[in-house]
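Here are my notes from a first pass through the packing and the charged pairs. Have the structure open while you read.

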Amino acid sequence: MRRNEIVSLIAVALIILFSYTAFAKLIDMGEFERQLAGQELPSWSKAPLVWLIPAAELLLCVLLIIPATRLPGLYGSALLMALFTGYTGLVVMGYFERTPCSCGGVLRSMGFEAHLVFNLFFLTLIILGIYIFHSQNKFAVTQKT
């Protein structure tokens, strides 16, 4: 399997993940809003996050679909997944008093330990995709000279 095919497969996995979670949140917006309201976040941030999180997930899907914007899509995915993973890690370590899960769909039913492993898997996949993307471009430049 060629490097660009691996990056494409990683992008497809992320598109499936982010589109699924975004649409699950948008379909049951009331539930997502209630769950987000229970998060230990500054109160001023909760209302904008109800729309920003699914919008960011869908924007990342668009960036990942278009080959010319795939690298920014991977970097954005890494940032978003790092934030989700960091939050989940803090929950697992018992940092927060309340820990409602504001994830969409089936992911909502995962325990936080399983969710942390899930997030770490995808974060590792994203980092691998970024590494392969850069190494394939470095290889292409080396071949041309």
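The points below take the nonpolar cores first and the salt bridges after that.

1. First, a reminder on what we're looking at: this is a predicted model. Every distance and accessibility below is computed from that model.

2. Start with the largest nonpolar core, which has 22 residues. The members that touch the most others are Leu14, Phe18, Leu64, Leu74, Met81, Phe122 and Ile126. If you want a handful of side chains to display, I'd pick those.

3. Which elements give two or more residues to this core? They are helix 1 (3-27), helix 3 (43-65), helix 4 (70-92) and helix 5 (112-144).

4. Leu14 is a handy place to centre the view. Setting aside neighbours within four places in sequence, Leu14 is in contact with Leu64, Leu74, Ser77, Phe122 and Ile126. Of those partners, Leu64, Leu74, Phe122 and Ile126 also appear among the core members with the most contacts to other members.

5. Don't miss the other core, which lies apart from the 22-residue one. This one has five residues, including Met29, Phe32, Leu36 and Val50.

6. Now the charges: the structure holds three salt bridges. The one I'd look at first pairs Glu57 with Lys25, with the closest N and O atoms 2.8 Å apart. Glu57 sits in helix 3 and Lys25 in helix 1, 32 residues apart, so this pair links distant parts of the chain.

7. Are the two partners of that bridge buried or exposed? Glu57 is buried, at 1% relative accessible area, and Lys25 is buried as well, at 5%. Both get that label because buried means under 20% relative accessible area.

8. Next is Arg34 with Glu31, whose side chains meet in a salt bridge at 3.0 Å, N to O. Both belong to helix 2 (residues 29-37), and because they are three residues apart, about one helical turn separates them. Arg34 counts as exposed at 53% relative accessibility, while Glu31 is partly exposed at 22%. Keep an eye on the cut-offs here: exposed means over 50%, and buried means under 20%.

9. The remaining bridge joins Arg2 and Glu5, with 3.6 Å between the closest N and O atoms. Arg2 is exposed, with a relative accessible area of 55%, and Glu5 is partly exposed at 33%. For anyone checking the assignment, the N to O cut-off for a salt bridge is 4 Å, so this pair counts.

Terms used: Residues numbered from 1 in each chain as written. Predicted model: local features only at pLDDT ≥ 70, side-chain atom pairs only at ≥ 80, totals over all residues. Heavy atoms only, no water. Core = buried A, V, L, I, M, F, W, Y, C linked by side-chain atoms within 4.5 Å. Buried < 20%, exposed > 50% of the residue type's maximum accessible area, 1.4 Å probe, protein only. Helix = DSSP H or I, 4+ residues; strand = E, 2+ residues; numbered from the N terminus. Contact = heavy atoms within 4.5 Å.
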